[in-house]
There are 4 protein chains.
Amino acid sequence: MEAGAPVRTIDINCDMGESFGVYTLGDDDTMLSIVTSANIACGYHAGDPLVMHRTLAAAAARGVNVGAHPSLHDLWGFGRRRILDESPDEIAKQIIYQIGALRALAECQGIRLAHVKTHGSLGNMAAEDAALAAAIAGAIASVDSGLSFTVMPAMATEKAALEAGLTPIREIYADRAYADTGNLMSRKLPGSVIHGPDLAADRVLRMIEADAVICESGKRIPGRIDSVCVHGDTPDAVSMARRLRERLEQAGLKVAPPSKDSKTL
Amino acid sequence: MEAGAPVRTIDINCDMGESFGVYTLGDDDTMLSIVTSANIACGYHAGDPLVMHRTLAAAAARGVNVGAHPSLHDLWGFGRRRILDESPDEIAKQIIYQIGALRALAECQGIRLAHVKTHGSLGNMAAEDAALAAAIAGAIASVDSGLSFTVMPAMATEKAALEAGLTPIREIYADRAYADTGNLMSRKLPGSVIHGPDLAADRVLRMIEADAVICESGKRIPGRIDSVCVHGDTPDAVSMARRLRERLEQAGLKVAPPSKDSKTL
Amino acid sequence: MEAGAPVRTIDINCDMGESFGVYTLGDDDTMLSIVTSANIACGYHAGDPLVMHRTLAAAAARGVNVGAHPSLHDLWGFGRRRILDESPDEIAKQIIYQIGALRALAECQGIRLAHVKTHGSLGNMAAEDAALAAAIAGAIASVDSGLSFTVMPAMATEKAALEAGLTPIREIYADRAYADTGNLMSRKLPGSVIHGPDLAADRVLRMIEADAVICESGKRIPGRIDSVCVHGDTPDAVSMARRLRERLEQAGLKVAPPSKDSKTL
Amino acid sequence: MEAGAPVRTIDINCDMGESFGVYTLGDDDTMLSIVTSANIACGYHAGDPLVMHRTLAAAAARGVNVGAHPSLHDLWGFGRRRILDESPDEIAKQIIYQIGALRALAECQGIRLAHVKTHGSLGNMAAEDAALAAAIAGAIASVDSGLSFTVMPAMATEKAALEAGLTPIREIYADRAYADTGNLMSRKLPGSVIHGPDLAADRVLRMIEADAVICESGKRIPGRIDSVCVHGDTPDAVSMARRLRERLEQAGLKVAPPSKDSKTL
């Protein structure tokens, strides 16, 4: 980067608070020392009020931004199964419920929610379904129009965020390959999951530099990138996240929560 | 009542929004034309986001006060089973979760929650357990100290409400007999459930006049009475509620939501 | 019918035991006085061990055949939502679980299960998905190859039943219109649900006479018909079932549980 | 032991199959190489049909005895919370449901269940409640009177097993201290959980030698000991189980599943 040029900031976000009762998932404490935004499960695919409370407190203690991570109602399937035959409006009510529950647990500790990111199959479905995306963005805005909406660049959710007057946080995935639609390749396809911290960091840096999602085919989908999502529930999650942060900083980027200035296309 | 004396007001409250998915419980629409406060289930013992949304809208359309009706997490047992081995603090988090979820669904419609009333076995347990009562009152206050807390007169919950700075709404049950502790007699005991609209109204009027809970034994427990609880899920619920309202009005009472002036013992 | 010709028998089946905890659905007792087979929910879309026990006992007391009515795991959606991203093998295990649970509750009362019918969206999905149909038939056969499998005529499930060596019970729906695929028309389409007991009975008799499913378009899909399904959870369920039984008997059919002689195409 | 004396056998049992969906609990594969009986969760406190199927298969491949491990219906609390206000008969139906579900998944693989052991708070409650113990024993016997019932020596469950004609498997816990009632000391009390593989093995050997439960106070409660329970979900579970087995074998005991000859007091 040129001297004098403003330093570009990039957020690193991670799903957290996905334990439930006696079941523990992920090493949230360590991840909180690396990432800048935490998407906290709200009890529909994972999490319970105690886990939510603890995760909020731990994130705040680290100065990490917190957001709600609502899902379809599917504990058994961890929100990864597509459940059809619900109207966008029915899903909107479920999202309001989840955000409201987390927000109350946050505010009791003096913590303010910064964003909302939908989980698993709900996120994938919304990215390709304009009516669902609009319903979700509307739900978020109806709770608090100051909440940002974490979306995939150039997909239906980004458009819905802007139309609802929400600040979109456009994220790419560090460890996932992209189909030509701009959506994630199915986990079932070979090559869909990227292994190796440096390989993942290389890809992330290339996309940030190009201001584009770079698909598996080489296709480029132009779009601003505000955040990189790392996963917390895989064996090498911590080492991948740590290496990514180092590489971003070595490249001259400032790793920090997203600012609110990204409301334009 | 003497001419010139201020008219005493009395609230009638009813549990509502206790349907779930395809399952319907109670005739909420008719009850909303009779009562002045609705305690709305929050998904733990009954209710789901769609039911909650609909019930809030219907209550607001009738000008009925709405409150949260949190419970232990027990859909199968409808919140009526005592679940032990949870700390007061763990229960507090669950209550914050539920109030927050309902509050968000309310605020999206421009509706403000007025009160919180605990459901079923949670209410019974808290009435006799000072630590649990304090945790619940603290949970409510931490969400919004402007929320009233519906309690049984002279029980641990009333004391906890006052100590937490919350306005207590002291309620009696129209159709239930009282043990000498001031708590409800177990449903399993003979005579614990009052049948007959006029019999129920007689008892309610006697207690209001006496400013006391009158127990099955004749014992009187002095205490202010702000509200009468009617049930919505019994076959004669509507006729009992309707007759009660008539009788209260015939006796010169004004049936209306509770005011906020009851913060003293 | 000609004198001397064997009397044709026809079964009437109904979904039952779909209450849950305090929630009641349908008038099972009355329906049991009309139908000849009961499909009993197994706790996945409805039902709980107490409801299952009671429903088994009530059916046996009436001499009504009992069968398991397994579903996708979806109490909130009553098994009517399609849940994707489960393999046929994963669903097979869930079906074995449900049949086993009901079978144990039946055998403790000296009752033997006669058949299995899949519920809601699981049934619709299996009718059009050969791999899923085969997995379900395999699951049933692995529990007890003497169980019949209630299927839609000429669909994937009928073929799967025969290939697994199970006796298929081919059923038509009294109150539903058929698409040209042989599957039910979506409930969302106009005309998909038949109202009026005599209209429904007319259609059923025409199909039985024709030995074919008669679609909304007029198309005929030849197939043997062993049973007619009536619903128990609609307001006019009882009158429709009663009228259907009268009309079938007036037409000279014998209303009785299916025999085991239908193992050929 | 004297030459010529029959070798005494002792069983080692462990709770297993307590994973759920994406959540993993315990190292079942390693524990299966050490223990001789596996108590498999049935979906009420943990486990799901896929986990149950896999655990059954893995146990059978190792030649480990399998039994059902039914619980109160409490996934969130892992079956450790006491849920009151259910009648013994209602609990009996839930136990039949769970045993039946597991049995079907077992039989499909050619595996026969050997025993039933109740989980968590249900086990503790039954040990001290004769009516509940009798209902549970009756439920087991009604499913299959050939099933053994794993119980605590000299408690209500042992008596109920014998009266129901079931073979009791009297177990002691390797890592838990005993109250003078013969029941486990609450986990909340200091000293209730034994740490250190050799300390635990010492205690087990002393009790087996004494044919008595030795309480924390020194009190001895005479009773036959057929099995030792090890836990699978603690960090040092594997090393404790392994050391226990070595020590039992060094002491001349034969570690093997229980035989069926223990039907006498």
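This passage describes how chain A meets chain B and chain D in a predicted model, and how two helices of chain A pack together.

Two copies of a chain are related by a rotation about an axis and a shift along it. For chain A and chain B, the superposition requires a rotation of 180° with 0.0 Å of shift along the axis, and the resulting RMSD is 0.0 Å. That is the relation of a two-fold axis. Of the interface residues of chain A, 100% are also interface residues in chain B, so the copies meet through the same surface.

The interface of chain A and chain B brings 21 residues of chain A into contact with 21 residues of chain B. The area buried between the two chains is about 1,800 Å², and carbon and sulfur atoms give 74% of this area. Two salt bridges are counted between chain A and chain B. In one of them, Glu107(A) is paired with Arg103(B), and the closest N and O atoms lie 3.5 Å apart. Polar contacts were also assessed, and four residue pairs are in polar contact between chain A and chain B, both residues of each pair being at pLDDT 80 or more. On the side of chain A that touches chain B, at least two residues are supplied by each of α2 (49–62), α3 (88–107) and α5 of chain A. Helix α3(A) provides the largest share of that side, with 11 residues. By class, the side of chain A that touches chain B comprises 12 nonpolar, five polar and four charged residues.

A second interface joins chain A to chain D, with 16 residues of chain A in contact with 16 residues of chain D. Here the buried area is about 1,300 Å², of which carbon and sulfur atoms give 75%. Val22(A), Tyr23(A) and Trp76(A) together supply 56% of the area that chain A buries against chain D, more than any other three residues. The count of salt bridges between chain A and chain D is zero, whereas four residue pairs are in polar contact across this interface, both residues of each pair being at pLDDT 80 or more. The side of chain A that touches chain D divides into nine nonpolar, four polar and three charged residues.

Chain A is superposed on chain D by a rotation of 180° with 0.0 Å of shift along the axis, at an RMSD of 0.0 Å. Among the residues of chain A, Tyr23(A) comes closest to the rotation axis, with its C-alpha at 3.1 Å. The same surface serves both copies, since 100% of the contact residues of chain A recur in chain D.

Within chain A, the packing of two helices was also examined. Two packed helices are described by the angle between their axes and the distance between the axes. Helix α4 (residues 120–127) of chain A packs against helix α5 (residues 130–143) of chain A at an angle of about 115°, and the axes are 7 Å apart. In this contact, Leu122(A), Met125(A) and Ala126(A) of α4(A) meet Leu132(A), Ala133(A) and Ile136(A) of α5(A). By class, the contact of α4(A) with α5(A) has six nonpolar residues, with no polar and no charged residues.

Definitions and conventions: Residues numbered from 1 in each chain as written. Chains lettered and ligands numbered in written order. Predicted model: local features only at pLDDT ≥ 70, side-chain atom pairs only at ≥ 80, totals over all residues. Heavy atoms only, no water. Axes fitted to C-alpha atoms, helices over the stretch in contact; angles between N-to-C directions. Helix = DSSP H or I, 4+ residues; strand = E, 2+ residues; numbered from the N terminus. Contact = heavy atoms within 4.5 Å. Nonpolar A, V, L, I, M, F, W, Y, C, P; charged D, E, K, R; others polar. Least-squares fit on C-alpha atoms with pLDDT ≥ 70 in both. Buried area = accessible area lost by both parts, 1.4 Å probe. Salt bridge = Lys/Arg side-chain N within 4 Å of Asp/Glu carboxyl O. Polar contact = N/O pair within 3.5 Å; in protein donor to acceptor, adjacent residues only side chain to side chain.
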